[in-house]
Every structure is written in C-alpha cells, then in structure tokens.
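Visitor: Please walk me through this one slowly. I'd like a close look at a single spot, then how the rest fits around it.

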Amino acid sequence: MYITEKEVETIFNELDIKIVDNECNEHSNHIHSAVFEYLEDKYTQNNTNLEETKKEGEALLKVFDDTSS
Amino acid sequence: MIQVHKREVKVTTWILNEIAQNIEIILNIKLTPSQIKKITLKIISHYYKHKKEYQICVSDIDPYKFCAWSSECLIDELNDKKVIVPIIVTMHNFLKKEKRKFEIPYLQYILKMYLNDKKVDEFAIGKNGLYMTFSSASNIKI
C-alpha cells in the first residue's frame, strides 16, 4: 500500500470534509460496481495481474518516442 | 459541510493506490510518502471542491472522473507528462472490468489528443475530455 485508509481519512478531515457512517439520503446507482468489486477484491485479497498493465503502458509510452523523434 | 461515506474513503484509498502502483510499474517511479500525501490532498480538494456548494452527501465516487482529474495534479507534482500513461492504463483497467475495452491504437489516439491540450486546442482533449471518453464507453448499453 502506498497510502493507507487512515492517512486518507486524515486528509479528508484536514479539508473539513465530514466522514459519516450512516447511509445518506441521496440515491446511489452504483453504476461502476464492477470496478469497485475489482478494487475490493484486489486490496482485500491481494489478487493482482500486472503483466497486462505493463504491456499497455509500454505501448502508450511509444507515443512519446514518436512525438519526440 | 460536505459529507462522504466511510465507504468513499475506502474507495478513494484503493484508487490512489492503484494509480501509484501503475506509476511505479510503468514509469519506474516510486512516489514518496510525502509526495503521495501532497498529491492526495490536491486531488481530494479538487474533486470535492465543486460539490461543497451543494452541501451534498457523496455516496458514490466516480472512478473515471477521479482518475482524469488527478492527471493535472500528478503532472504538476512530478513535472512529467508521461504520468498520464499510468492514469490512462488505470482507467482502461477499470473499463475492462466493466467488460468494455479500447484497442491499443485507439488508446494511443486518446493519449495524443490529451497531450495536445493547451498546445493545439482544436485537436485536443483535456482532463474533462479524458473523463468523458472513458465515462461514455462505460455507460454504453450493450
């Protein structure tokens, strides 16, 4: 972990953003639930595959070589 | 006062770690604890600033908006435009979890358009264009 939940919580507090436990009234549609499930799985079970990330990163970094040449 | 759920703090932490991890994997840059705290402060401040006036309770964080809006903070802090690459890869990883994807040439096209921002505006997208690109793909009904 690069930053912990506790550290992020402290930053929210510094910015005067109140953290609440209870459900708020605003309707939540959870349209990105697949993303949240992936993150939860990764950060609670340490389940990760970084090879594809590396490959995509390399492909995109080529753009910088093309533009600087 | 703006309020967020405890859950949003958790999700924010996960996304920040995802971005930091991809910066290390792709650019071989390991953010220092003080850098990541400084960046987090900037990102959260920026992300929630516009919500303050509405006094709303934020019940859902938008992962695409959070990443796209992080891009300028990270480029400023690291003074390296290449940091947009791990941001785009992070957003694309999220998109793939939603069973949608771009081909590599199209991702490169998005990147080129982002890099034109404030340089060749007629061929450019900024952080909001980047957000809308991924958000639109995510919202397509198939």
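Visitor: Let's zoom in on one residue: where does Asn28(B) lie?

Guide: Asn28(B) sits in the loop between H1 and helix H2 (33-52) of chain B. Helices here are DSSP runs of H or I with at least four residues, strands are E runs of at least two, and both are numbered from the N terminus. Before going on: this is a predicted model, where local features need pLDDT of at least 70, side-chain atom pairs count only at pLDDT 80 or more, and totals for chains, interfaces and linings use all residues. Residues are numbered from 1 along each chain as its sequence is written, while chains are lettered from A and ligands numbered from 1 in the order in which they are written.

Back to the loop. Asn28(B) has a phi near 60°, a positive value in a residue other than glycine. Most residues other than glycine have a negative phi. Asn28(B) counts as exposed because 7 other C-beta atoms lie within 10 Å (exposed is 12 or fewer such atoms within 10 Å, buried is 20 or more, partly exposed is in between, with C-beta atoms placed from the backbone).

Chain A has a positive phi too: Asp16(A) takes about 65° just after H1(A), in the loop between H1 and E1 of that chain. Asp16(A) is exposed, since it has 10 C-beta neighbours inside 10 Å.

Now for H1(A) itself. Its buried residues are Val8(A), Ile11(A) and Phe12(A). Down the axis of H1(A) they fall within an arc of 100°, so they line one face of the helix (the arc is that of the directions from the helix axis to the C-beta atoms). The face turned away from that buried side carries the exposed Lys6(A), Asn13(A) and Glu14(A). For Asn13(A), 11 other C-beta atoms are within 10 Å.

H2(A) can be read in a similar way. At 1.5 Å a residue, its 13 residues should span 18 Å, and the end C-alpha atoms are 17 Å apart, which agrees (the expected span is 1.5 Å times one less than the number of residues). Val35(A), Phe36(A), Tyr38(A) and Leu39(A) are its buried residues. They cover an arc of only 160° around the axis, which puts them on the same side of H2(A). Ser33(A), Glu37(A), Thr44(A) and Gln45(A) are exposed on the other side. Covering the buried residues are parts of chain B, including helix H1 (6-27), helix H3 (63-78) and helix H4 (84-97).

That leads to the interface: 40 residues of chain A are in contact with 49 of chain B (contact means C-beta atoms, placed from the backbone, within 7 Å). H3(A) supplies the largest share of chain A's side, nine residues. E1(A) and strand E1 (residues 3-5) of chain B also pair in the parallel sense over three bridges (pairing needs at least two DSSP bridges). One bridge partner in E1(B) is His5(B), opposite Val20(A).

Finally, the largest nonpolar core has 52 residues, of which Cys67(B), Ile87(B), Ile88(B), Met91(B) and Leu111(B) touch the most other members (a core is a set of buried Ala, Val, Leu, Ile, Met, Phe, Trp, Tyr and Cys residues joined through C-beta atoms within 7 Å). H1(B), the helix before the Asn28(B) loop, gives the most to this core, with nine residues.

Note on methods. Contact = placed C-beta atoms within 7 Å.
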